[in-house]
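Subject: Structure handover and notes

Dear colleague,

Here is the structure I promised to pass on to you, with my notes on it underneath. Please read them with the model open beside you.

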Amino acid sequence: MRRAIFPGSFDPLTNGHLDIIKRSAPLFDEMIVAVLNNPDKLPMFTVEERCGMIREVLPDVDTNDCSMLVESFSGLTADFARKRRATAIVRGIRAVSDYEYELRMALMNRRLEPEIETVFLMAGEEYSYVSSTLMKQVFELGGRVEGLIPELVEARMREKKN
Ligand code: PNS
């Protein structure tokens, strides 16, 4: 059983995240989308809302027979991965600018849990500039984000704004 976790804040889920899920799913039997519950940050969506949206969107994503689970977690990603008996941590890289931060995290996670490998996937170039932060900013200021986030997520963002 090859189990991976795909950790992140997912505030909110973007089509860039879905692209990484689609690309990585064929490599694993089971994947847990692990949503960080970070009490230090004030998110747009609660962790329950974020998990709920991902669960609603995932059935429409081709995950190639890979079982998908969505769980929230607190604390260290490496601890969560070990507790869930995952052998890999999936992360997406969009541009060279992501590399340094991702490298530091991967090396730290490897130090914490030497048996767990970080697997990097290159995001599709059409999503190379898409981040949750940018999507929230553009949306808040009235810009168009269609095609960059799932429709359901856009609808929930609209509900939040009104
Ligand atoms: O989607 P993000 O915000 O880029 O995800 C970052 C995340 C959640 C993967 C990272 O902040 C993380 O792993 N946080 C949990 C705490 C932790 O393990 N910190 C040490 C990382 S080496």
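To begin with one residue of the backbone, Arg 85 is found in the loop that runs between helix H3 (77–83) and strand E4 (88–93). Please bear in mind throughout that this is a predicted model. The phi of Arg 85 is near 55 degrees, which is a positive value in a residue other than glycine, and with a relative accessible area of 69% Arg 85 is exposed, because the cut-off for that word is over 50%. As background, most residues other than glycine have a negative phi, and most peptide bonds are trans.

Another positive phi, of about 50 degrees, belongs to Phe 10, again not a glycine. Phe 10 is found in the loop between E1 and H1, and at 2% relative accessibility Phe 10 counts as buried. The loop between strand E1 (3–8) and helix H1 (15–24) also holds Pro 12, and the peptide bond leading from Asp 11 to Pro 12 is cis, with omega near 0 degrees.

Phe 10 comes up again among the aromatic side chains, where the count comes to two pairs. In one of them, the rings of Phe 6 and Phe 10 have their centres 5.3 Å apart and their planes at 75 degrees, so the pair is edge-to-face, the cut-off for this being over 60 degrees. Phe 6, with 3% relative accessibility, counts as buried. In the other pair, the ring centres of Phe 73 and Phe 80 lie 5.0 Å apart and the planes stand at 25 degrees, so this pair is stacked, the planes being under 30 degrees apart. Phe 73 is buried, with a relative accessible area of 5%, and Phe 80 is buried as well, with a relative accessible area of 10%.

Helix H3 also contains Thr 77, which at 18% relative accessibility counts as buried, because the limit is under 20%. If residues up to four places away in sequence are not counted, Thr 77 touches Ile 5, Pro 7 and Ile 89.

Further along the chain, helix H5 (residues 132–140) and helix H6 (residues 151–161) pack at an angle of about 50 degrees, with their axes 11 Å apart. The two helices, H5 and H6, are therefore oblique to each other, and H5 passes H6 in a right-handed crossing. From H5 the contact is made by Met 135, Lys 136, Phe 139 and Glu 140, and from H6 by Glu 154, Met 157, Arg 158 and Lys 161. Sorted by character, the residues of this contact of H5 with H6 divide into three nonpolar, no polar and five charged.

Last comes Pro 150, which is found in the loop between H5 and H6 and, at 9% relative accessibility, counts as buried. Leaving aside neighbours within four places in sequence, Pro 150 is in contact with Leu 13, Thr 14, Asn 15, Leu 18 and Val 57. Pro 150 and Thr 63, by C-alpha to C-alpha distance, are 16 Å apart in space, and they are 87 residues apart in sequence.

With best wishes

Notes. Residues numbered from 1 in each chain as written. Predicted model: local features only at pLDDT ≥ 70, side-chain atom pairs only at ≥ 80, totals over all residues. Heavy atoms only, no water. Axes fitted to C-alpha atoms, helices over the stretch in contact; angles between N-to-C directions. Helix = DSSP H or I, 4+ residues; strand = E, 2+ residues; numbered from the N terminus. Parallel < 35°, antiparallel > 145°, perpendicular 65-115°, else oblique. Left-handed = near helix turned anticlockwise from the far one by under 90°. Contact = heavy atoms within 4.5 Å. Nonpolar A, V, L, I, M, F, W, Y, C, P; charged D, E, K, R; others polar. Buried < 20%, exposed > 50% of the residue type's maximum accessible area, 1.4 Å probe, protein only. Phe/Tyr/Trp six-rings, centres within 6.5 Å; stacked < 30°, edge-to-face > 60°.
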